[in-house]
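Grab a coffee and open the viewer. Here are a few exercises to work through, each with a solution you can check step by step.

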Amino acid sequence: MLTIEDRLAIQQLYARYCACMDTGDMHGWAHCFTVDGEFDTFTKHKGRDNIEAYGADVMARRLTNPWTNGQHWNNNIIVEGDGNTANALCYLVVMGKMKDSGEHRIVIQGVYQDELAKEVGQ
């Protein structure tokens, strides 16, 4: 069973993930994953170094998006685990300001399905 401390740490992990992505801190974002972690989007990126390289590529392409000021929001987090590993599901929404109209819109929506593991006590 997950402790309250585990649950709070997982919430912090999700918040850090979003903040690092939104501020362009790809090193910090990659460290939200275990050393041998995997990020599976349209392609799989295995290992923290490859995840960071993928994130850097996303940042480089950001200028071509039709929106600016993207902000990731995770919510409805469901987590079950034993304290060493856990499975989580949460919704993702990215809000952005459209370059052409200045309107704020949902520009991405999705679902994360994650396998979580403690690494060095975190």
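**Exercise 1. Decide whether Asn69 is buried or exposed, then look at its backbone.**

Solution. Keep in mind that you're working on a predicted model.
- Step 1: the relative accessible area of Asn69 is 57%, and the cut-off for exposed is over 50%, so Asn69 is exposed.
- Step 2: place Asn69 in the fold, and you land in strand S3.
- Step 3: check the backbone; phi of Asn69 is positive, near 55°, in a residue other than glycine.
- Step 4: now look at Asn76, which also sits in strand S3. Asn76 is not a glycine either, yet its phi is positive at about 50°.

**Exercise 2. Find out which residues have the most contacts inside the largest nonpolar core, and which elements supply it.**

Solution.
- Step 1: the largest nonpolar core has 24 residues. Those with the most contacts inside it are Ile10, Tyr17, Trp29, Phe33, Phe39, Ile51 and Val79.
- Step 2: go through the elements. At least two core residues each come from helix H1 (4–23), helix H2 (26–30), helix H3 (48–61), strand S4 (85–98) and strand S5 (104–117).
- Step 3: pick out the main supplier. That's H1, with six residues, the largest share of this core.

**Exercise 3. Test the length of H1 against its expected span, then work out what covers its buried residues.**

Solution.
- Step 1: H1 has 20 residues, so at 1.5 Å a residue it should span 28 Å. Its end C-alpha atoms are 28 Å apart, which agrees.
- Step 2: list the buried residues of H1: Asp6, Ile10, Tyr14, Tyr17, Cys18, Cys20 and Met21.
- Step 3: recall the helix geometry. With 3.6 residues a turn, residues three or four places apart in an α-helix point the same way.
- Step 4: look at the cover over those buried residues, which includes H2, S1, H3, strand S3 (67–81), S4 and S5.
- Step 5: step off the end of the helix. Gly24 follows H1, and its phi is positive, near 80°.

**Exercise 4. Track down the aromatic pairs: how many does the structure hold, and what kind of pair do Tyr17 and Phe33 make?**

Solution.
- Step 1: the count of aromatic pairs is seven.
- Step 2: take Tyr17 and Phe33. Their ring centres are 6.2 Å apart and their planes sit at 55°, so this pair is tilted.
- Step 3: see where the partners come from. Tyr17 is in helix H1 and Phe33 in the loop between H2 and strand S1 (38–40), so the pair ties together parts 16 residues apart in sequence. Both Tyr17 and Phe33 are buried.
- Step 4: try Phe39 with Tyr54, another tilted pair, at 5.6 Å centre to centre and 35° between the planes. This pair links distant parts of the chain, 15 residues apart, with Phe39 in strand S1 and Tyr54 in helix H3. Phe39 and Tyr54 are buried too.
- Step 5: zoom out. Tyr17, Trp29, Phe33, Phe39, Tyr54 and Tyr112 form one aromatic cluster.
- Step 6: check what else surrounds Phe33. Beyond four places in sequence, Phe33 touches Tyr17, Glu38, Phe39, Arg48, Ile51 and Glu119.

**Exercise 5. Determine whether His72 is buried or exposed, and name its polar partner.**

Solution.
- Step 1: His72 is found in strand S3.
- Step 2: its relative accessibility is 16%, and buried means under 20%, so His72 counts as buried.
- Step 3: the side chain of His72 makes a polar contact with the side chain of Asp22, at 2.5 Å.
- Step 4: fill in the surroundings. Leaving out residues up to four places away in sequence, His72 touches Cys18, Met21, Asp22, Leu92, Val93, Val94 and Tyr112.

**Exercise 6. Count the disulfides, then see how far Cys32 and Cys90 are from the nearest cysteine sulfur.**

Solution.
- Step 1: the structure holds zero disulfides.
- Step 2: for Cys32, the nearest cysteine sulfur belongs to Cys20, 5.2 Å away. Cys32 counts as buried at 14% relative accessibility.
- Step 3: for Cys90, the nearest cysteine sulfur is that of Cys18, 7.5 Å away. Cys90 is buried, with a relative accessible area of 0%.

Methods
Residues are numbered from 1 along each chain as its sequence is written. This is a predicted model: local features need pLDDT of at least 70, side-chain atom pairs count only at pLDDT 80 or more; totals for chains, interfaces and linings use all residues. Side-chain values use heavy atoms; hydrogens and water are left out. A nonpolar core is a set of buried Ala, Val, Leu, Ile, Met, Phe, Trp, Tyr and Cys residues joined through side-chain atoms within 4.5 Å. Buried means under 20% relative accessible area, exposed over 50%, partly exposed in between (1.4 Å probe, protein chains only). Helices (H or I, at least four residues) and strands (E, at least two) are DSSP runs, numbered from the N terminus. Contact means heavy atoms within 4.5 Å. Rings of Phe, Tyr and Trp (its six-membered ring) pair if their centres lie within 6.5 Å; planes under 30 degrees apart count as stacked, over 60 as edge-to-face and the rest as tilted. The expected span of a helix is 1.5 Å times one less than its number of residues. A polar contact is a pair of N or O atoms within 3.5 Å; within protein, one must be able to donate a hydrogen and the other to accept it, and residues adjacent in sequence count only if both atoms are side-chain atoms. A disulfide is a pair of cysteine sulfur atoms within 2.5 Å.
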